[in-house]
Amino acid sequence: MRTQLTFWDSERIDLDECIALTIQSFNAYAKMYKHWVIAWSGGKDSTTLLTLTIALIESGQIPKPETLTVLYADTRMELTPLQYSAFAIIEQLKQRGIDVRIVTAQMDKRFLVYILGRGVPPPNNQTLRWCTRQIKLLPMQEAIDELYRELGERLLILTGVRQGESAIRDGRIAMSCGKNGAECGQGWFQNDISDTVGAKLAPLLHWRVCTVWDWLKIFAPRKEHGSWQTKLLADAYGGDEAEEVNARTGCIGCPLASNDKALDVIIEMPQWSYLAPLKRLRPIYNQMRLPNYRLRQQAGKKLASGNLAKNQNRLGPLTIKARRVFLAKILDIQLEVNQIAQIQGMPLVDILNNEEVERINELITKKQFPNGWRGNEPLGSEPYEQVFSDGSKQPSLFGN
């Protein structure tokens, strides 16, 4: 059987062709909607989407919607250059009269408040990946729902999902959180935001990493394209070598990543070296998973049906004492970084503000625990009799 050749079998798609296809996408679909929403994570893909969309509107290459709303997902845990890049771009958006709304999780759902205030262990990639949905997707969904109620019409939701030119060459569109260096969360936006409130369009689906960086490093900063302040963003991904490094960015000391590649790259740059103490966050998250800092469910835990729960003797939340210790350690790290930042005139780290610390201490004082936990369970490091879901037991070799 003869395979039909396509335009892209003979040569790589370049930036001009990427932009041309993006324009076609907008002109084919976007013009059917009066109200556009850009779901912006602050990473390279969604920042490319944001700045390019506005540049195309201002140059008259795509239609101007009746309303354009930018929703910035502020997780409170972004790498410092990435966060300050977003704030700089937000100021540029406001100067253009564009409606920008900063979307943040509810206080008790924020990353460190949830861990230190409620005692929930840091997320992992196996059984407890709660972070992306809780601190990024759900707040964005709530903001979009609110905008839908406010405008009273279906929205066009633009996302920065990017799969590379293979997505248009072979027709496969597999959404994910981290394929091809894609920024954390964009696949969630594309898949999980409700279809009831609007349609979703991914105008950068066909873009590759190199074309994204061509736009951000060369073209976006030019006056004719908007003079966008994307230098700090490039720093967050590796500065002048951003394309070659291709580091995925996420939360500072992300517990889900195998290593802190993005943070390592940043602190190697002289101007950002003062952020080095943030490297101590990851070992703290690892410590939080250890049994001696957590409670353990007592044997015999039953379901509402009366049957024994499958995961008997499971490790649970952080103890009250452990939360106080870890809160103090994290605040010490933030203070250490910020003392140097003030001396050098560099951006401060803001992962725990006064309001969040106050709420954490309030929850600790109330002895708040996750549902199903009372706080009087045994320490996870104590010897215990292992009980299985069929009722069989294996006594501790070390006694009780």
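**Group meeting: a walk through the model**

Okay, let's start with one residue. If you skip the neighbours within four places in sequence, T80 is in contact with I252, W272, Y274, L275, L278, P347, L348 and V349. T80 is found in helix α3, which covers residues 80–95. And T80 is buried, with a relative accessible area of 3%.

Before I go on: this is a predicted model, so a word about confidence. The mean pLDDT of the protein chain is 84, and 80% of its residues reach 70 or more. Then there are the weak bits. Over residues 1–10 the pLDDT is below 50, and beyond near neighbours in sequence that stretch has 9 contacts in the model. Residues 165–191 also stay under 50, and there the model has 86 contacts beyond four places in sequence. Where pLDDT is low, the predicted coordinates should not be read in detail. Please keep that in mind for those 86 contacts of residues 165–191.

Right, the core. Which residues touch the most other members of the largest nonpolar core? They are W40 and L93, in a core of 95 residues. The largest share of this core, 8 residues, comes from α13. As for L93, leaving out anything within four places in sequence, its contacts are W40, L50, I54, V70, I98, V100 and W228. So W40 turns up again, as one of the contacts of L93. Apart from the big core lies another one, of 12 residues, and V37, V103, A143 and I157 are among them.

Next, a helix: α12, residues 281–288. The buried residues there are L281, R282, I284, Y285 and M288. Looking down the axis of α12, those buried residues fall within an arc of 160°, so they line one face of the helix. The general background is that an α-helix has 3.6 residues a turn, so residues three or four places apart point the same way. What does the buried set of α12 pack against? The partners are α4 (111–118), β6 (294–296), β7 (315–318) and α13 (320–344). And α13, remember, is the element giving the largest share of the big core.

On to charges. How many salt bridges does a search of the whole structure find? The count is 13, and I'll show you three of them.

Number one on my list is K279 with D264, where the closest N and O atoms are 2.5 Å apart. This pair links distant parts of the chain: K279 is in the loop between α11 (261–267) and α12, D264 is in helix α11, and they are 15 residues apart. Both ends are partly exposed, K279 at 30% relative accessibility and D264 at 26%.

Then we have R101 and D99, a salt bridge with the closest N and O atoms 3.0 Å apart. Again, R101 is partly exposed, at 23%, and so is D99, at 30%.

The last of my three is E362 with R359, at 3.1 Å, N to O. Both sit in helix α14 (residues 354–365), 3 residues apart, about one turn of the helix. E362 is partly exposed, with a relative accessible area of 33%. There's also a network: salt bridges that share partners join R76, R110, D350 and E356.

R76 is worth another look for its backbone. R76 has a positive phi of about 70° although it is not a glycine. R76 lies in the loop between β2 (67–73) and α3, and at 8% relative accessibility R76 counts as buried. K367 has a positive phi too, near 55°, and isn't a glycine either. K367 is in the loop between α14 and β8 (386–387). Buried or exposed, then, for K367? At 57% relative accessibility, K367 counts as exposed.

Last topic, cysteines. The disulfide count comes to 0. Why is C210 unbonded? The closest cysteine sulfur to that of C210 is in C18, 7.5 Å away, which is too far for a bond. C254 is in no disulfide either, with the nearest cysteine sulfur, that of C251, 5.9 Å away. C254 counts as buried, at 17% relative accessibility.

That's my tour. Over to you for questions.

Conventions: Residues numbered from 1 in each chain as written. Predicted model: local features only at pLDDT ≥ 70, side-chain atom pairs only at ≥ 80, totals over all residues. Heavy atoms only, no water. Buried < 20%, exposed > 50% of the residue type's maximum accessible area, 1.4 Å probe, protein only. Helix = DSSP H or I, 4+ residues; strand = E, 2+ residues; numbered from the N terminus. Arc of directions from axis to C-beta. Contact = heavy atoms within 4.5 Å. Salt bridge = Lys/Arg side-chain N within 4 Å of Asp/Glu carboxyl O. pLDDT = per-residue confidence, 0-100. Core = buried A, V, L, I, M, F, W, Y, C linked by side-chain atoms within 4.5 Å. Disulfide = S-S within 2.5 Å.
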